[in-house]
Amino acid sequence: MDYVEIKGGQPLRGTVQVSGSKNATLPILAACLLTSKTSVIRGYPHLRDVDTMIRILRALGVSVRVSYQRIEVTPGKSRKFVAPYGLVSTMRASICVLGPLLARQHKAQVSLPGGCVIGPRPIDLHLKGLKALGAQIRIEHGYVVAEAKVLKGSDIYLGGHFGSSVLATGNVIMASVFAKGRTLIEDAATEPEVVDLAEFLNKMGARVQGAGTHVIQVDGVDRLHGADHTVIPDRIEAGTFIVGAAVTGGDVTIKNCRLGHLNAAVDKLQQAGVDFVRSDGALRVRAPRRLKPVDVTTLPYPGFPTDMQAQMMALMSVTPGISVITEKVYPDRFMHVSELNRMGSHIFLEGSSAIVNGVKSLSGAQVMASDLRASAALVLAGLVAEGKTLVSRVYHLDRGYETLEQKLVQLGAQVRRIKK
Ligand code: EPZ
């Protein structure tokens with residue numbers, strides 16, 4: 001079990017390059033299943049979750065050739081349709097092979113995703129969408145089994161109790177690309193990762209319109225061919241470095257960052273007193289030593305991203321004053337609170353809100369990562385804590401951040417990985 005050790009006190013200064021988006025890469029790799037031809041995915045992040053998706057594709061009989069710059073995916077004539085429990089249980093996003101397998105193999109058997117620490121991870125909206133297209137769905141032995149001789153275009157309302165669903169939107173788009181006629185998906189997710197998936201599908205010959213809005217239209221086609229695609233930058237990684245600059249009073253230039261993908265987070269940080277300067281495709285972030293407390297409510301895109309909630313809490317924990325952070329997407333996503341409190345923060349929970357009473361300083365401690373973004377928040381807190389912070393279970397970090405320590409060291413942080 002590895003640890004990440006952080007010695008606090010250094011402001012982040014310099015330039016960092018953001019990697020490709022994990023949450024764009026995963027559904028796009030799944031979309032490669034929609035053709036027997038070869039697709040090339042470029043600019044992908046070198047992460048554990050991407051490795052897992054590649055292993056799932058190979059378990060489905062797909063040829064996958066990986067080099068540092070590109071992933072070459074050739075499904076060929078494979079008729080396999082079972083995504084195994086052993087792999088799916090390690091990554092919830094595996095559920096996004098359900099739609100493409102159903103569309104191309106007319107059958108799919110995908111292990112039910114487990115829950116995770118950020119809360120129950122239901123798939124009722126995924127199944128609602130596939131049923132609306134004509135699939136028969138049954139749950140047996142912990143697997144979702146979906147079958148459909150013919151898929152027919154349909155009008156589908158896909159909004160859920162917590163708003164739109166990113167991967168359900170992606171799954172239903174992919175399931176509908178060969179459906180007879182037109183499919184309309186209403187209350188679709190508008191995240192940039194859905195737009196990137198739609199762009200890749202259209203390069204393959206699909207007819208997807210309206211991605212990025214709440215109404216997506218898919219006109220069925222007979223078949224798709226391979227495509228060559230470079231995934232968008234990871235907006236959450238960019239946001240994590242923005243908060244890193246803010247929390248350390250630093251001055252960081254972030255390259256390969258699509259500012260338009262982070263408006264809500266940038267707006268909130270500007271309210272807190274962070275200064276942003278755009279310069280040719282990069283974003284310069286400068287922060288005063290003292291920020292103002294702000295209240296945050298997470299919402300589906302374009303609202304404040306739930307994947308930035310933990311990082312924002314780390315920032316507010318050392319911003320004197322009271323901040324209220326309300327989680328509307330995953331109401332239980334507060335595992336990081338107890339770990340931040342072990343570092344001296346004063347945070348208490350009231351339903352789906354965290355009341356943060358900012359303190360002057362945190363103290364380094366041994367803390368435990370619980371999910372991908374919580375682990376990033378603990379690293380950020382360690383950057384400003386007095387003394388050393390030791391973050392365990394860093395495999396959570398490795399799922400979603402490419403060489404995070406190296407990037408932080410490059411910005412002047414005192415961070416190192418300790419292999420146990
Ligand atoms: C995607 O997960 C991201 N993962 C998550 O990022 C992100 O937190 C989430 O979107 C919200 O932005 C990937 O893209 C791989 P949802 P997804 O379906 O699609 C409820 C990270 O850190 N819901 O948009 O699984 C759900 O419980 C990860 O990179 C249903 O009720 O999330 C949640 O409350 C963590 N029924 C809300 O909708 C369903 O069928 C939004 O979830 C599906 C979801």
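An oxygen atom of the ligand lies 2.8 Å from a polar backbone atom of Leu167, which makes a polar contact, that is, a pair of N or O atoms within 3.5 Å, where a pair within protein also needs one atom able to donate a hydrogen and the other able to accept it, and residues adjacent in sequence count only if both atoms are side-chain atoms. The model is predicted, so local features need pLDDT of at least 70 and side-chain atom pairs count only at pLDDT 80 or more, while totals for chains, interfaces and linings use all residues. Residues are numbered from 1 along each chain as its sequence is written, and side-chain values use heavy atoms, with hydrogens and water left out.

Two side chains also reach oxygen atoms of the ligand: an N or O atom in the side chain of Arg92 is 2.6 Å from one, and a polar side-chain atom of Tyr330 is 3.0 Å from one. Of the 820 Å² of accessible area that the ligand has on its own, the protein covers 92%, with areas computed by the Shrake-Rupley method with a 1.4 Å probe.

The shell around the ligand holds 24 residues, the closest being Arg92, Asp124, Ser165, Asp307 and Val329; a residue belongs to this shell if one of its heavy atoms lies within 4 Å of the ligand. By class, twelve of these residues are nonpolar, five are polar and seven are charged, where Ala, Val, Leu, Ile, Met, Phe, Trp, Tyr, Cys and Pro count as nonpolar, Asp, Glu, Lys and Arg as charged, and the others, Gly among them, as polar. Helix H5 gives the largest share, three residues, helices being DSSP runs (H or I, at least four residues) and strands likewise (E, at least two), numbered from the N terminus. Domain 1 (3–19 + 233–418) and domain 2 (22–230) each supply at least three residues of the shell, with bounds taken from an automatic or database domain assignment.

Away from the ligand, helix H10 (residues 309–317) is mostly covered, with nine of its nine residues buried, where buried means under 20% relative accessible area, exposed over 50%, and partly exposed in between (1.4 Å probe, protein chains only). Thr190, in the loop between strand E11 (182–186) and helix H7 (192–203), counts as buried because its relative accessibility is 7%, and a polar atom of its side chain lies 3.0 Å from the backbone oxygen of Tyr301.

Why does Cys96 form no disulfide with Cys32? A disulfide is counted when two cysteine sulfur atoms lie within 2.5 Å, but the sulfur of Cys96 is 11 Å from the closest cysteine sulfur, in Cys32, and therefore too far for a bond.
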